[in-house]
Amino acid sequence: MSKTLSNLLIAAAVLLGLPLASIAQTVSDSDVIKKTRQLVKEIVERSFPELEGEKIEIKSFKSRTNYFKTQFSISRFLTFRKMKTIVLVNPEVFAQNAPDEGIRAILAHELGHALFYKERQRLQLLGLIRLASGKFTARFERQTDLTAIERGYGKGLLIYREWLYERVSGKSLERKKRHYFTPEEINLLIAAFEKDPKSAQKLKKNVPRNLDELKKAVE
């Protein structure tokens with residue numbers, strides 16, 4: 001959003017008696033969406049050729065513990081139109097100065113979800129209702145981590161998780177450690193994939209749920 005437009009919005013807010021904070025948030029969200037859209041475009045071009053030409057919409061959301069989410073358009077799903085993926089970004093990820101390499105890596109993770117949605121039939125996507133189950137969520141998210149690491153985003157994903165762990169605690173932190181690979185586990189995966197790139201496909205079929213299972217799988 002241009003500086004001129006921003007000033008016009010603020011002036012309008014004053015005249016209408018609207019809170020300036022809401023206008024500032026709107027401007028901030030617009031900038032964040034624009035930046036995220038550009039990053040997604042770059043990552044698709046570099047690492048996800050399968051998603052070239054796919055509809056990927058960027059929206060913002062608010063959360064104290066989550067910074068990115070991905071979902072498919074329910075309305076398009078129900079009306080049998082061409083599927084569209086929606087990547088949601090929490091502006092706080094930029095406000096809190098998350099490392100650029102980490103942001104790119106977690107966006108690669110989110111694009112892994114987009115690829116999953118693209119490759120499944122509509123009826124298969126109904127199975128995602130099982131995400132209410134912690135066990136299925138862990139397999140789904142860790143499998144998507146594997147896609148990101150396999151495509152060269154392992155180091156960035158490790159950096160992002162370390163940044164994230166400093167900002168969540170208690171049950172939220174424990175849940176994230178269960179559902180996603182931890183920095184220690186990511187280090188093991190990076191080494192395993194460098195040694196044998198084909199090991200990623202094997203791990204996707206039987207996703208390790210913890211460090212002990214991962215060590216046994218990559219031995």
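In this predicted model, Ile56 comes out as partly exposed, because its relative accessibility is 22% and the buried class stops short of that, at under 20%. The residue sits in strand S1, which runs over residues 55–60. Once neighbours within four places in sequence are set aside, Ile56 still touches Val40, Val44, Thr85, Val87 and Leu111. Take Thr85 from that set: 29 residues separate Ile56 and Thr85 along the chain, yet their C-alpha atoms lie just 4.8 Å apart.

Now for the open space. The largest pocket holds about 540 Å³. Its lining is made up of 24 residues, and those nearest the centre are Asn66, Phe68, Lys69, Glu141 and Tyr180. Two or more lining residues come from each of strand S2 (68–72), helix H5 (100–119), helix H7 (134–165) and helix H8. H7 gives the largest share, with six residues. By residue class, the lining of this pocket is a mix: nine nonpolar, nine polar and six charged.

Helix H8, one of the elements that contribute to this lining, spans residues 170–179 and has Ser172, Leu173, Lys176 and His179 buried. Viewed down the H8 axis, these buried residues fall within an arc of 135°, so they line one face of the helix. That spacing fits a simple bit of helix geometry: with 3.6 residues to each turn of an α-helix, residues three or four places apart point the same way.

Technical notes:
Residues numbered from 1 in each chain as written. Predicted model: local features only at pLDDT ≥ 70, side-chain atom pairs only at ≥ 80, totals over all residues. Heavy atoms only, no water. Buried < 20%, exposed > 50% of the residue type's maximum accessible area, 1.4 Å probe, protein only. Helix = DSSP H or I, 4+ residues; strand = E, 2+ residues; numbered from the N terminus. Arc of directions from axis to C-beta. Contact = heavy atoms within 4.5 Å. 1 Å grid on protein atoms, 1.4 Å probe; cavity = no way out; pocket = protein on both sides within 12 Å on 5 of 7 lines; lining within 4 Å. Points joined across faces, edges and corners; volume = space filled by probe spheres on them. Nonpolar A, V, L, I, M, F, W, Y, C, P; charged D, E, K, R; others polar.
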